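Biologist: I would like a close look at a single part of this model, with each term explained as it comes up.

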Amino acid sequence: MSHSIAVIKGDGIGPEIMDATLRVLDALDCGLEYEFIDAGLGALEKHGTLIPQASLDAIEKHGIALKGPLTTPIGKGFSSINVQLRRHFDLYANVRPAISFPGTRSRYDDIDMITVRENTEGAYLADGQEYTDDGNTALSVIKVTRKGSERIVRYAFELARSQGRKKVTAVHKANIIKTSSGLFLDIAREIAEEYPEIEFQEMIVDNACMQLVMNPHQFDVVVTTNLFGDILSDLCAGLVGGLGLAPGANIGEKAAIFEAVHGSAPDIAGKKIANPCALLLAAAQMLDHLGMPEKGTAIRQGIRTVLETRSDMVTPDMGGTGNTDSFAEALVEYVGR
Ligand code: NAI
Ligand code: MG
């Protein structure tokens, strides 16, 4: 079956790592058709807006986008495109795998876990939901809804089930933030009963931080609210050696956007030394999502093998002597075999 997807090459190193990623996807014969759409600095120059309506329409039509990093201009009243996309498409699940790879400055081998972060409510609310009086007192609101909690916890369990994962850990602070975090925990317990074959664990967030650092192998899928998820997903990226290999997806009912977690790296743009792995791993996540997990696995396994055996083809940030193109070439050779 063929799928069509929207592709945003992105700013800075975006086009370089996207070209590398598409070469590998083509070599895998995934039957994907690409519609290239404008967003970011390029779109601003051409259309006077960071994310033109036509690009939003294309994402809506295809339902899937693969996205390179975008530069958000500082100042000038621009709001982050990522936040705009999340709000426009109600992308409620931020899904961040953390997998250890050889050659990274990873503290542990064999970490393979996923953080599922609620992406639309919690402590990160739209403007106008924070209060201050005379500048001496400030009040921020945490919003947790039954609908928001049910859908994120269900998403985490469905993901666990579809990937044969064994355990879901709900991370919370219900002992202190009793109403909002308490509601999230109550709902997590309710939903867990629908999935008797998957072990359910609850963990208070501060303990979860310690456990992740001391004994990360106990985790499989972690589900949590927005603020805790933001922090824990970066903690997990750090556990497996940093953002260079960290992919992420923002998933909603009608659209899903897959991207690298890192930014547009203007300091190395145009030098052809950007590591394409994070975007490739995002593409692998996209293939899982599209029902082609064996192709996603081929990318992950390819990266592992190339990192282990071909340092001459690997980018300098991973200790290699190659560049973006040679990394892609080595992967194409691996997956095309
Ligand atoms: P960054 O992630 O672009 O760069 C941080 C450091 O990591 C730099 O030294 C960079 O060279 C290195 N790096 C990043 N990706 C790399 C790769 N694939 N291979 C090798 N080295 C890599 O973060 P920074 O500098 O804070 O942000 C730059 C721009 O990116 C900003 O305009 C920011 O708004 C944007 N950004 C966009 C994101 C997105 O679209 N998802 C996410 C984060 C930042
Ligand atoms: Mg963050």
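Biologist: Is strand β12 (residues 256–260) mostly covered or mostly exposed, and how many of its residues are buried?

Modeller: This is a predicted model, in which local features need pLDDT of at least 70 and side-chain atom pairs count only at pLDDT 80 or more, while totals for chains, interfaces and linings use all residues. Residues are numbered from 1 along each chain as its sequence is written, and chains are lettered from A and ligands numbered from 1 in the order in which they are written.

Strand β12 is mostly covered, with five of its five residues buried; a residue is called buried if 20 or more other C-beta atoms, placed from the backbone, lie within 10 Å of its own, exposed if 12 or fewer do, and partly exposed in between. Strands here are DSSP runs of E with at least two residues, and helices are runs of H or I with at least four, both numbered from the N terminus. In a regular strand the side chains alternate between the two faces of the sheet. In β12 both faces are covered, since Ala 256, Phe 258 and Ala 260 on one side are buried, and Ile 257 and Glu 259 on the other are buried as well.

Turning to its partners, two strands are said to pair if DSSP finds at least two bridges between them. Strand β3 (residues 64–67) runs parallel to β12 and is joined to it by four bridges, with Leu 66 having Phe 258 as its bridge partner. Strand β11 (residues 247–251) runs antiparallel to β12, and five bridges join the two; in this pairing Pro 247 stands opposite Ala 260, and a hairpin of four residues leads from β11 to β12.

The neighbour β11 is itself largely enclosed by the rest of the structure, because five of its five residues are buried. Its two faces are both covered, by the same count of burial, with Pro 247, Ala 249 and Ile 251 on one side and Gly 248 and Asn 250 on the other. Beyond the hairpin, β11 also pairs with strand β4 (residues 93–99), in the antiparallel sense and over three bridges, where Ala 93 stands opposite Ile 251.

As for the wider setting, the protein chain is divided into domain 1 (1–106 + 240–337) and domain 2 (121–224), with bounds that come from an automatic or database domain assignment. The centres of domain 1 and domain 2, taken over C-alpha atoms, are separated by 27 Å.
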